[in-house]
Structures are given as C-alpha cells and as structure tokens.
Amino acid sequence: MTPLQFRFSFAPYGFAAMRRARTYGLAAAGLMLGLSACASYQAAQLKPEVLVAPSVAAPLPADPDALVKIAIDHDPAVAAARASLDAALAARKAAKNLPPLSLTLTAEYSKDADTSRPWLYGGAAGIPVDIGARRSTRITAADLNVVKARYALADAVWSSRQRLRQGLSDRHFAHALAEADRTLAEQGEAYAAALGKRVAAGEDSRGLAAQAELDASAARQALRQAEAKIVQAEADLARALDATADTVAALPDIAPPAALDAATATTMTEKALVSRADIASAVADYDWAENGLRAAVAAQYPDINVAPGYTWERGVVKWPVNLTLALPPLDGNRANIGQAQKARLAAGKTLEDRVKSARHDADAAAASYRADLETEAAIRAKDLPLAEALSAQTERSLKAGESDRSEALAAAVALTQTRANALEAARTASDDRLKLEDATRQSADASELSLLSQEMMTK
C-alpha cells in the first residue's frame, strides 16, 4: 500500500472546531479500520531437516513411468519452478490493477484571514491516467514473465526425467558389465593357471603365460572399476529419486527401452526446433526486449496524474482539480531508447545462436545414435556368432582329445569379451539415445510424453 501523507496545524478548540475535530476523528478512525484489513507480514521459517533428508523411503515401483513421476514430484528444482510460475501468475494479475493512488489531506489555521473562520480544510486524491502504451507494456511484460516461467518449468521437468532415465540406464549396464567383467576375471585366472602348467611342462614359453597373467590382472582391475560404477550409478539414481541408498538397492533391474528406428530418430530431429523449451524461452526473451523498447518509446511523453480535490476555505467550499505531469528525461529518453534497441538486437542474436546450436545438437546426436546402432548390430551379427562358433568348436575338440584345456579357456575368454563388447556398444547406444531425446526435448514413449505434459502444468 502507498504511504499516506498528512499535514495538520493545531489550534485551541472552540465549539465549531471541536465538532469538526470530532468529524475528522471519525474519518481517521474509519481510515485506520480500513488499514487494519490489509494483509500482514508472516514469517515462514525453513525446516533444515526437510532440506537434507531423503523423502522417499518406501519400496519403489518397477514401472519406469511411475519412477519418472516420483522423480519429478520430489525434485526441488521442479518445485522451485512451479513456485516461480505461481508467483508470475500472481504478478500478472497484479499488473492489471491501477498504479497506486495518492491521498493528500491539508489543514490550515489563520486568524488573520478571517477571525470568525480561521480554519481551512482540504484534500486531494492523485489518480494516474493508466492508459495507452504504459499500461499495455506493463501487462505484456507480466504476460511474458508467465510464459518464461512455464518454459522454465518445462525445462526443470525434462531435466528431472533425464536424470532418472540416465540413472536407470547406468545402473542396468553397470550391473551387466560387472557380471561380464567378473566372468572375464575368473576365466582369465583359469587360463593363466592353465598356461602356467604348460610352461612348467615345457610346452609353452614363459612370455605367453606372463601375458595371460597380465590380462587376468587387468580383468580384475576392470571388475573393481565396474563395481565402483554400480555404487556411483545407484547413488545417482538415489539422488534423482530423492531416495535412500537401501531403497534404490532393492529396486529391480529395469532394462532401457528398445532401440529407435531410423524414421523415428529423423522425425524427432525435424521437430527439435519447435519442441525445445530453451528456444521458446529465447523467443520470449526477444519479445521481452521488444516490449522494453515500446516502453522506452512511450516514456518520451509525460506521465499524467489527475488529482481532484475538496477544500473548505473559511466557509467557502471549493472543488479544485490538479493536473501533474511527470516529465521525461532532458534527452527525450533517447539514452534509454538506445539501450532498449541494443537489448533487442542482443536478444535476436541469442535466439539465432540458440536455434543453430539446437539444430546442430540434434543432427549430431542423431548421427551418433545411428552409428552406435550400426556398431552394436555388427557385433551381434558378425563378431558374436564367430566367437560362439569358436568356443563351441574348441569345446568339441577338448572332448575329442584334440586340444587341451587352455585352448578352450582362451576361446571362452574371447566369447565373454565379445559379449562385453556388445554390452558396451548397447550402453553407448542407450546413452546416445538419451542425448538425442535431450537434444530434441522429446520422449519416444507416448505414455511418458503424456505424463511429462501433465507435469509441466502448474498445480
């Protein structure tokens, strides 16, 4: 509320003065009663325990869409974005109100002017003329703030989804690759031991056995790294879900979605420029700068305030009307107009950069994803069948007595390594699919897309 200013002079009371004082006292009491209906300040203390403690401790569902909703509902960044949107909506409503009014009350005592009526009372209400560009640019700025807050909420929801999906993918492949590395370590140790026996029998050179021992040591090191990745993946997933480590550890393994076909990836790339909230936000920034220029141009002209009043001047009633002009700066607001023009130009360049970067990111992500799928397909179609055939052949030879155990173990190691290579290719493809979805801000899952659309609305 706008502070009110009062100016009073005091004098000894006669009967008429006391009557007028009683009238003004009642008016002042009414004014104070009206002021008492205003909103009061209420402190809202933060709770530290809420800020640090995980909020999800119950068993988690194995449904990916349900996990996405849990992640979004417990993401503080999403909650902050929703609160910012609510604040922007409230500010837009407030922007449509009239600017603050002003009220001036005056009192004067002078026996020299009239000994029988020494008092003068009066008042005036200042009413701004809120029309034209000044009002429209103010409301437009509030509308643009709402638009930008909606896009910020969309980005926060999408980021929460990405963290959850990335965490699920990392956890799945960390466990799968750790199992492959564990098998490789066991097979490598068995192969090194078999070669050691052959070296002891004089059938092989020491160098071959030493290399096998180094390979077994490398496999053990890879296993330790894979186990560390499991811990890291589950910690990241716990953060995405705002859950405890034990809760995430009890979650069943969730495999990533099936690979996208080339047509779907191409369609997602083509829609990237209309689906990214950051591009839409850059458009809103340009509109904001354009609106700022309109406001600066409108500020070239005086701001008008009309103040109708009432004066009781020693028995004579008067109704004055004051007109106040708030003049623009001496340069005709040219400096502010020039600054607004530069800001609009900068916003336009930022929008161009955002569009070009988005197009490049989407094209690069799609190309990488297609290459990953081709690599994985080649491993599964060529390398894996060859490794399986070699392993089967050496097993048959071992049973027939045509080879020893070391050859069969070497073939088994090669097969496990090929399977690990296929898993690594699948992990890379899963990561690049997430990068493609992130570059285009689109989910290929229709049910998840519907969920995200609902979560992007304020609640």
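Trainee: What share of the 459 residues of the protein counts as buried, and what makes a residue buried?

Mentor: In this predicted model, 33% of the 459 residues count as buried, and a residue earns that word when its relative accessible area is under 20%. The protein has 13 helices and six strands.

Trainee: How do you know that contacts in the protein join residues far apart in sequence?

Mentor: Among contacts between residues at least 6 apart in sequence, 81% join residues at least 24 apart.

Trainee: Why is Thr-137 called buried?

Mentor: The relative accessibility of Thr-137 is 6%, and the cut-off for buried is under 20%, so Thr-137 counts as buried. Thr-137 lies in helix α5, which covers residues 133-200.

Trainee: What does the side chain of Thr-137 reach, and what makes that a polar contact?

Mentor: The side chain of Thr-137 reaches the backbone oxygen of Ala-133 at 2.6 Å, and because a polar contact requires N or O atoms within 3.5 Å, with one able to donate a hydrogen and the other to accept it, this pair qualifies.

Trainee: Which residues does Thr-137 touch, once residues up to four places away in sequence are not counted?

Mentor: Thr-137 touches Asn-291, Arg-294 and Ala-295. Asn-291 lies in helix α10, and on its own side Asn-291 touches Thr-137, Thr-140, Ala-141 and Leu-144, again not counting residues up to four places away.

Trainee: Is Asn-291 buried or exposed, and how do you know?

Mentor: Asn-291 has a relative accessibility of 6%, and since buried means under 20%, Asn-291 counts as buried. Asn-291 is one of the buried residues of α10, among them also Ala-289, Leu-293 and Ala-296. The buried residues of α10 pack against α5, α9 (272-275) and α11 (334-399).

Trainee: How do you know that the span of helix α10 agrees with its number of residues?

Mentor: At 1.5 Å a residue, the 22 residues of α10 (277-298) should span 32 Å, and because the end C-alpha atoms are 31 Å apart, the two values agree.

Trainee: What does the same reasoning give for the 68 residues of α5?

Mentor: The 68 residues of α5 should span 100 Å at 1.5 Å a residue, and the end C-alpha atoms are 96 Å apart, so here too the value agrees with what is expected. After α5 comes Gly-202, whose phi is positive, near 80°.

Trainee: What makes the phi of Asp-242 and that of Asn-333 worth a remark?

Mentor: Phi of Asp-242 is near 55°, a positive value in a residue other than glycine, and Asn-333 likewise has a positive phi, of about 65°, although it is not a glycine. Most residues other than glycine have a negative phi. Asp-242 is placed in the loop between α6 and α7 (245-249), while Asn-333 is found in the loop between β6 (321-326) and α11.

Trainee: Why is Asp-242 called partly exposed, and why is Asn-333 called buried?

Mentor: The relative accessible area of Asp-242 is 24%, which lies between the limits of 20% and 50%, so Asp-242 is partly exposed. Asn-333 has a relative accessible area of 4%, and because buried means under 20%, Asn-333 is buried.

Trainee: Where does Ala-444 lie, and what makes it partly exposed?

Mentor: Ala-444 lies in the loop between α12 and α13 (446-455), and its relative accessibility of 37% falls between 20% and 50%, so Ala-444 counts as partly exposed. Leaving aside neighbours within four places in sequence, Ala-444 is in contact with Leu-260, Met-268, Arg-433 and Glu-437. Ala-444 and Met-268 are 176 residues apart along the chain, and their C-alpha atoms are separated by 8.3 Å.

Trainee: Which helix gives the most to the lining of the second largest pocket?

Mentor: Helix α6 gives the most, with nine residues, and α5, α6 (206-241) and α12 (405-440) each supply at least two residues of that lining. The second largest pocket holds about 440 Å³ of space and is lined by 21 residues, with Leu-177, Asp-181, Ala-226, Lys-229 and Glu-424 nearest its centre. The lining divides into 10 nonpolar, five polar and six charged residues.

Terms used: Residues numbered from 1 in each chain as written. Predicted model: local features only at pLDDT ≥ 70, side-chain atom pairs only at ≥ 80, totals over all residues. Heavy atoms only, no water. Helix = DSSP H or I, 4+ residues; strand = E, 2+ residues; numbered from the N terminus. Buried < 20%, exposed > 50% of the residue type's maximum accessible area, 1.4 Å probe, protein only. Contact = heavy atoms within 4.5 Å. Expected span 1.5 Å × (residues − 1). 1 Å grid on protein atoms, 1.4 Å probe; cavity = no way out; pocket = protein on both sides within 12 Å on 5 of 7 lines; lining within 4 Å. Points joined across faces, edges and corners; volume = space filled by probe spheres on them. Nonpolar A, V, L, I, M, F, W, Y, C, P; charged D, E, K, R; others polar.
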